[in-house]
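Subject: Structure handover

Hello,

Here is the structure I said I would pass on. My notes on it follow below the files.

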Amino acid sequence: MTHRLRFAPSPTGNLHIGGARTALFNWLQARHAGGKFLLRIEDTDIARSTEESRQAILEALDWLGLDIDEDIVLQSTRRDVHVAAALRLLEEGKAYRCYCTPEELQAMREKATAEGRSPKYDGTWRNRTDHPPEGTPFTVRFAMPLDGTTVIDDIVLGEITVPNEELDDLIILRSDGTPTYNFVVVCDDAFMGVTTVCRGQDHMSNTFRQFHIYRALGHEVPRFAHLPLVDGLSKRKGSASVQHYRDIGYLREAVINYISRLGWSHGDQEIFSVEELVEKFDLADVNRSSGKYDEVKMAWVNEQWIKRLPAEELAVRLLPYLSDLGVETSADERLVSLVRQLQERSKTLVDMAEGARFAFQRPTAFDEKAVKKWIKPASRAAFEEILAALPGLDAFTPDELEAAIKSVAERHELGLGKVAQPIRIALTGTSVSPPIFDAIAIVGREETVHRMRAALHLYDDA
RNA sequence: GGCCCGUUCGUCUAGUGGUUAGGACACCACCCUUUCAAGGUGGUUACACGGGUUCGAGUCCCGUACGGGUCACCA
């Protein structure tokens, strides 16, 4: 049988890193096993579900490259099926009407807690036959087994056993006739032919209830894989969403790489391409213990991917970030060679865009500290000599520039730093840029001359 | 509180009875160097605790502690 896995988010916000990891693990397992990756939107909570969230989740999955194999299932469209299934259980005696009011239930729980017992439904209406008159509101509860134990052979956790007395008779149909989550999930997973349910460990207790619902409905129970939870994610609302990372200049390769390593590893390897993950990932190798999201390491992984991706590809991806800075250009040869210089010194695409800015825009101000440190009377003559020599150079290449500038520096008995830094400041307004000869070549002859002239006045105050 | 799960450097982790307990991030030092980085070399730091089992335990068993999850007419 082919493996079928699904990701089933509720559209109540952006896709967060934790959810993205769940989606990724499902996707990887499906791809690894040559199975299918499905998506179901659990939009039955009308109060909290929004169309914006649905779009945001789809957009995030798309950006990550987690492609979906079949039509997306909208849970809300299957309501009739869910209700019919619940009614069938009622008819078969596998579920029963409960006439307790929310208030009574509340009181029941409080009493149990006060007496030190578990706050679970006591089964009042399970066997009562003195039904109130027709028209009295009721819920439908699923009749869980009263004794024995339930064992789940979890792919991640191994065998887990729970005494059935812990399982109370949960509501599958509310008094307004709408079905509840734990019931609906089973119906839909069965409908979609899901063979492996991979989700967070926070669903573990649901699993034991669902196990019995599968059986009552006559469905085969799928395999389960409960992923360890990720700590340290809920600091600020939007901060851990997938699109947040995209916006601050992270690469999808890096995000995938990093979250894949949260609870999973392959020996000592740190950097994985998506292809490698598909090949090496297996739910059976996932850790049992929860991990902590580490922003610093995430940044490092991103840095690694900036170094690894081809400059041509990076140049294309850089465009929107440049645009944000007011630089409209294309991924031409000039930008690609600039990207090549920037790859070694950028942590994010935002960084890179800022580092690339000087090639397109003149400095609007000069960094005060840099000026104070490097614009000294001693280098003025050399600076002016270079400025004068630039127009006469045969080729405006890094090599040529290096030869010319070094000879000027030597003649003036100055270290290269003393000569290079003032030029860097003239070109970028700061003391930071790619290697100076490359920087000059990229800015170009005329523009370099222009910027150096414009910076000449800095020496007047030196 | 009941039930379930977990516990190796600060963090992510390797490790499936015999290892000087390995790697990575971070940190520190040094090297390289035209800036910033990157890179290189070296270094500090870990098996929660207590009992067993065993010739031998990070690895197996039990308990304790700590941490997490879950106990809705939410999903």
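Helix H11 (residues 295-308) contributes five residues to the surface near RNA strand B, the largest share of that surface. Please keep in mind that this is a predicted model.

In total, 63 residues surround RNA strand B. The closest of them are Arg174, Gly263, Glu344, Arg345 and Ser431. Sorted by class, the surface near the RNA strand has 24 polar, 20 charged and 19 nonpolar residues.

Which parts of RNA strand B make up its atoms within 4 Å of the protein? Sugar or phosphate accounts for 70% of these atoms, and the rest belong to bases.

Three polar side chains can be described individually, each by a distance to the RNA:

- Arg109: an N or O atom of the side chain is 2.9 Å from a phosphate oxygen of RNA strand B.
- Glu344: an N or O atom of the side chain is 2.5 Å from a sugar or linking oxygen of RNA strand B. Glu344 is also listed among the closest residues to the strand.
- Gln421: a polar side-chain atom lies 3.2 Å from a sugar or linking oxygen of RNA strand B.

I also looked at how some of the helices pack.

One pair is helix H6 (residues 181-191) with helix H7 (residues 204-217); their axes are 9 Å apart and meet at an angle of about 55°. H6 therefore counts as oblique to H7, because the angle falls outside the ranges for roughly parallel, roughly antiparallel and roughly perpendicular. The crossing of these two helices is right-handed. On the H6 side the contact is made by Tyr181, Asn182, Phe183, Val185, Val186, Cys187 and Asp189, and on the H7 side by Asn206, Gln210, Ile213, Tyr214 and Leu217. By class, the residues of this contact are eight nonpolar, three polar and one charged.

The other pair is helix H12 (residues 311-324) with helix H14 (residues 349-356), packed at an angle of about 80° with their axes 9 Å apart. That angle lies between 65 and 115 degrees, so H12 is roughly perpendicular to H14. H12 brings Leu314, Arg317, Leu318, Tyr321 and Leu322 to the contact, while H14 brings Leu349, Val350, Met352, Ala353 and Ala356. What classes do the residues of this contact divide into? Nine are nonpolar, none is polar and one is charged.

Regards

Key: Residues numbered from 1 in each chain as written. Chains lettered and ligands numbered in written order. Heavy atoms only, no water. Near = heavy atom within 4 Å. Polar contact = N/O pair within 3.5 Å; in protein donor to acceptor, adjacent residues only side chain to side chain. Helix = DSSP H or I, 4+ residues; strand = E, 2+ residues; numbered from the N terminus. Nonpolar A, V, L, I, M, F, W, Y, C, P; charged D, E, K, R; others polar. Axes fitted to C-alpha atoms, helices over the stretch in contact; angles between N-to-C directions. Parallel < 35°, antiparallel > 145°, perpendicular 65-115°, else oblique. Left-handed = near helix turned anticlockwise from the far one by under 90°. Contact = heavy atoms within 4.5 Å.
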